[in-house]
Amino acid sequence: MPALAQNASSAAINCHGITKQGGMVICRTAPNARVEIGRAEDDTYVQSADGNGILIIGFDRDEPAAFARVGQHRVNFMIEPRDYDVSRINGLPKNMVSEYTEEELIRIRAATARKKIGFGSRVAEIGFRDGFIYPVTDHRKTTNFGAQRVLNGESKRPHFGVDLAAPKGTPILAPADGIISMADDDMYFEGSLILIDHGQGLISYYLHNETVLVEAGQRVKQGEQIATVGSRGRSTGPHLCWRLKWRGRNLDPELLTEWPKGHSDHG
């Protein structure tokens, strides 16, 4: 894990975590402090720490640099760049790649609207503590986070998940505590989709499930079963596509299984 760089006067905000593209840090500052977060001086926004002074900051797949500032106190994050694979999948039905009927477009738009509500969840309490566990304990990883997708020969958006292949029916577990913000069994591309809000906009999600065992609003604990592995939606075989998003930024959920131990200031 790269070191965090901060100036000598930045004691007002201290952060630890994983400073790689797709990674995340947790910071402590004054309770309810307004924190300016940015990639550059002309690309910033403000977020409030919680009542305990805790703040999550995530780094997108292609994040070049970032900093956090409270008043005159600033911490700079030295973000480690990553190289990404190319993932090629052929033989997918055309209506799962680029050619859609009007009826299918209506379904896609409706599913997108439901996802927007789920991603809009903002649970105040932080369910994330000291790292994720893998949601599928016995798996074979088939696609890394961030891989450039080429579907039926067409270049698409990067793959923002980690694909974990396992037999159909394999239990899927919550990687950390949280509240279910979406549990939908009728999605166009995902087949079925579960979102878990771990607090402050940190949302993990689970695609292609065979069965969904939770419902929106339900509180789950780390290790609790939420679904089973399937192959529904745009999928070529049984697997879990596991993803993580923080306030519009795509993070690598697998990185959080490597969370540095020994820091309990956010608990």
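Contact here means heavy atoms within 4.5 Å. On that basis, Ile-226 of this predicted model touches a long list of residues outside its own stretch of sequence, leaving aside those up to four places away. Among them are Ile-172, Leu-173 and Ala-174. Ile-194, Ile-196 and Tyr-206 also belong to the list. So do Val-212, Leu-213, Val-214 and Val-220. Ile-226 is one of the residues with the most contacts inside the largest nonpolar core, which has 53 residues. Met-24, Ile-57, Phe-77 and Phe-128 share that rank. A second core is separate and holds ten residues. Met-187, Leu-195, Leu-207 and Cys-241 are included in this second core.

Two open sheets were examined. In one, three strands follow the order β14-β20-β18, with antiparallel pairing. The edges are taken by β14 and β18 (211-212). Each edge strand has a single partner, so one side of each lacks a neighbour in the sheet. Strands β14 and β20 run antiparallel and are joined by three bridges. Within this pairing, Ile-172 has Ala-227 of β20 as its bridge partner. Ile-172 is also one of the residues touched by Ile-226.

The other sheet is likewise open and antiparallel, with three strands in the order β2-β3-β6. Here β2 (14-18) and β6 (54-58) stand at the edges. Each pairs with a single strand, so each has one side without a neighbour in the sheet. From one strand to the next, the twist averages 20°. Five bridges connect β3 (residues 24-28) with β6 in the antiparallel sense. Ile-26 stands opposite Ile-56 of β6.

Charged side chains were considered next. Side chains of opposite charge can pair when their charged atoms come close. With a cut-off of 4 Å between side-chain nitrogen and carboxyl oxygen, the model contains 16 salt bridges. One joins Arg-69 to Glu-41, with the closest N and O atoms 3.1 Å apart. This pair links distant parts of the chain, 28 residues apart. Arg-69 lies in strand β7 (residues 66-70), whereas Glu-41 sits in the loop between β4 (34-40) and β5 (43-48). Arg-69 has a relative accessible area of 17% and is therefore buried, the limit being under 20%. Both residues belong to a network of salt bridges that also takes in Glu-36 and Arg-74.

A further salt bridge connects Glu-125 and Arg-219, at 2.9 Å from N to O. The two are 94 residues apart in the chain. Glu-125 is in the loop between α1 (102-119) and β10 (140-143), and Arg-219 is in strand β19 (residues 219-220). Glu-125 is partly exposed at 46% relative accessibility. Arg-219 is also partly exposed, at 49%.

Asp-177 and Lys-221 form another salt bridge, with 3.7 Å between the closest N and O atoms. Asp-177 lies in the loop between β14 (171-173) and β15 (178-187), and Lys-221 in the loop between β19 and β20 (225-228), so the pair ties together parts 44 residues apart in sequence. The relative accessible area of Asp-177 is 24%, which makes this residue partly exposed.

The loop between α1 and β10 also holds Ser-121. Ser-121 is buried, at 18% relative accessibility. Apart from neighbours within four places in sequence, Ser-121 is in contact with Ser-181, Asp-197, Gly-201 and Ile-203.

Conventions
Residues are numbered from 1 along each chain as its sequence is written. This is a predicted model: local features need pLDDT of at least 70, side-chain atom pairs count only at pLDDT 80 or more; totals for chains, interfaces and linings use all residues. Side-chain values use heavy atoms; hydrogens and water are left out. Helices (H or I, at least four residues) and strands (E, at least two) are DSSP runs, numbered from the N terminus. Buried means under 20% relative accessible area, exposed over 50%, partly exposed in between (1.4 Å probe, protein chains only). Two strands pair if DSSP finds at least two bridges between them. A nonpolar core is a set of buried Ala, Val, Leu, Ile, Met, Phe, Trp, Tyr and Cys residues joined through side-chain atoms within 4.5 Å. Axes are lines fitted to C-alpha atoms, for helices over the stretch in contact, and angles run from 0 to 180 degrees between N-to-C directions.
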